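Student: Could you take one part of this model and walk me through it closely? I'd like the detail first and the wider setting after.

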Amino acid sequence: MSLFYFQIISAALFSLGVYGVLARRNAVLILLAIELMLNAVSINFVAAAAFLDPQNFMGQVAALFVIALAAAEIGLALAIILRLHRYRSSVNIEEINLLKG
Amino acid sequence: MTLGDAQSIWLAPLACIVSFFILAVGSRKLPYQGIYIPIVAMIFSVVLFSLAIVDYQQPVNISRNWFEVAGINFAWDLYVDAVSLTMIGLISVVSLMVQIYSVQYMKGDARIGWYYAVLSLFAASMMLLVLSWNLVLLYAVWELVGACSYLLIGFWYERRSAAEAAKKAFITTRIGDVGLLIGIIVIFKGSGSFHIGEILEAVSAGTIEPSMLTLGGFLMLLGAMGKSAQFPFHVWLPDAMEGPTPVSALIHAATMVVAGVFLIARLFPLFEAADFILDTVLVVGFLTALIAAMMALVVTDLKQVLAYSTISHLGIMMFTLGTGAVAVALFHLVVHGISKALLFLSAGSVSHGTGTLEINELGGLRHRMPVTFTCFTVGALSLAGVPPLSGWFSKDEILLALEDHGGWGLFGCGLIIAVLSALYMSRIWFRVFFGRVGSISESAHESPPAMTAALGVLTIAAASFGVISMGYFLDIGSFTDFVADGNGPHHTPNGLLMIISTLAVLSAIGVSWLIYVNGSFSAVGIQQRLIWLHRLAMNKFYLDAAYQWGIDQVVLRVSRLVATFDRVVVNDAGVDGTGKSVVFSAFTLRGIQTGLVYNYALGIVLGILVIFAVVGLSHV
């Protein structure tokens, strides 16, 4: 077992997340894809900390931060999506272009 | 300092400035618009002058610090010597006479308070001009007298011609003044000082570089030529006759126009040390005197004749300065100032009594206006050079100086101008006061006492100044000795020259008597004989036309070009163009703001990839 495998998994997970953000049209699924990306980053942090600097737990602390952040982010985003659904009866982002220039 | 010595002379301009401010602010609230205040200030000045000239022993320097920049001290440097005292005397006496005269002449004018205010400001700045011993101060008051001249020429600005004449006078003299300003700076570069005393010391010590001296002298000469209406800057003076006649007498005959002559006299060692500047002065003076005298012979407006005569006499002063005879030039300056002020005021009295100045409409005024006739006669004959009036003495001194400097050739040049001077003076004298009574002259009446009183004082001065200043009768020494601090020219009186010039002048007057009174020769016949010269002189030697062409074809065209550049390049491209480019780019770039989340997301991802690519490649 080496750090490299963890990094491969992390990168694969992150790429999946990017693909999800770009390809999905459902706002809820895009949120899930963003969660994937965040988790990929967390894996990267924890693995790097465990292999390179086992004494200080810095990666683990960073992962905890990411989790807290993700919880806040998902709360806010879901609230927005709920409002969107209330007014437009849809969560398809192709129909939402209020910020068009 | 006690009141009345030479040092307290600075109170005279101060009094005039104070009266200017009082009138400028409150003339409408004062009874009679407060015109008595400047007259009182002027009387005060004359009294101060009289006390100072009696008390005068030696030059006095008055200096008060003004401000200091980069170690150079600018000061109120005033220098009271024989020259400035003489000038103060001329200015204050003529100013006083003009102000007394104007009480009647300008009576009923709605803005008479402002008129007196500016007259007062003019007197103050002119006195400061002749007193100033510092080139910065001199330049400041030099411009101030120009501004007063502008205000007074354009006093009746409702008349378009007056407004135009005021502009012309101001701009023409300004062209010369630019030269003066640059000249002052050049001299400062050369000598390191604005103080005239220090500059003259540097000149005599030879510490100024010769090329700088010549350049500075030439540029300052330009300023003098502009102010003193020398060829080719003389075109403004005839037009300046649009102003009220007393103003012409004060500013455009006796005082302001001699500022150029005064400047050269004041800085004479500088001009003398510079190469060929004095020769330029000589040539310019002669040319001016000659062509102005020719134009004075053909114009038919009384004031215009006097204006050209003024230019001609200013030319004579320059001519004399060119020979190095400063004291003689100053002598003629004073004589001419008194006589010409007298002539202008008499002309004003003629126009007051008849309502016209056109000499073809006048004639035979001798019996209708006897006082004016007497005064005009003294003034005209004095300037024509008839003994024993003042003009005869100064003319003789000038001819003597010319002969002394350049032999019979220069004497001949001077004699030609003297003869022309006698011709045009006697021409207007005969045409206006002799001959048949013109239609307008029938109803002519003599002017009121305030005007004739002023005329009388100047007449006595014009008749007696020459005799007195020769020092024959009173034990006061000669005028030329006085202004040169005892080093005046000591020409042995040349009886031959005196007889030649006097005979020439008298025969010129005789010829003009034959033409204009007796009718032995027809003036029209002579005109026909010399038609080309007549046409040339009538058209002012085409100088006005040439300037007009230059302004139309050169100045206005270049201005139009500059205006186009400003409109197209600076405004359209520079200012509007910047704004338009922002609007245009905004309109173009709004297309990428689709409002769709996945477009933005793609942008972020691609951006990150590009950053990775760049960073990665730069580390390979």
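Tutor: Start with the buried residues of helix α8 in chain B of this predicted model. On the leading stretch, Leu213(B), Thr214(B), Gly216(B) and Gly217(B) are among those tucked under the burial cut-off, which is under 20% relative accessible area. Carry on along the helix and you also meet Leu219(B), Met220(B) and Leu221(B) as buried residues. Then comes the run Gly223(B), Ala224(B), Met225(B), Gly226(B) and Lys227(B), again buried. As a reading aid, an α-helix has 3.6 residues a turn, so residues three or four places apart point the same way.

As for the geometry, α8(B) covers residues 210-227, 18 residues in total. From first C-alpha to last it reaches 26 Å, close to the 26 Å expected at 1.5 Å a residue. Past the helix sits Ala229(B), with a positive phi near 55 degrees.

Now for chain A. Its secondary structure is 3 helices and 0 strands, reading α-α-α along the sequence. The radius of gyration of chain A is 17 Å, where a compact globule of 101 residues would be near 13 Å. Its C-alpha atoms fill a box of roughly 50 × 25 × 25 Å along the principal axes. Burial in chain A comes to 26% of its 101 residues. The accessible surface of chain A is about 6,800 Å², with 72% of that belonging to carbon and sulfur atoms. On the charge side, chain A has 6 positive and 5 negative charges, and their mean positions lie 15 Å apart.

Notes: Residues numbered from 1 in each chain as written. Chains lettered and ligands numbered in written order. Predicted model: local features only at pLDDT ≥ 70, side-chain atom pairs only at ≥ 80, totals over all residues. Heavy atoms only, no water. Helix = DSSP H or I, 4+ residues; strand = E, 2+ residues; numbered from the N terminus. Rg over C-alpha atoms; globule rule 2.2 N^0.38 Å. Buried < 20%, exposed > 50% of the residue type's maximum accessible area, 1.4 Å probe, protein only. Areas by Shrake-Rupley, 256 points an atom, 1.4 Å probe, with all protein chains shown as cover. Lys, Arg positive; Asp, Glu negative; His and termini not counted. Charge placed at Lys NZ, Arg CZ, Asp CG, Glu CD. Expected span 1.5 Å × (residues − 1).
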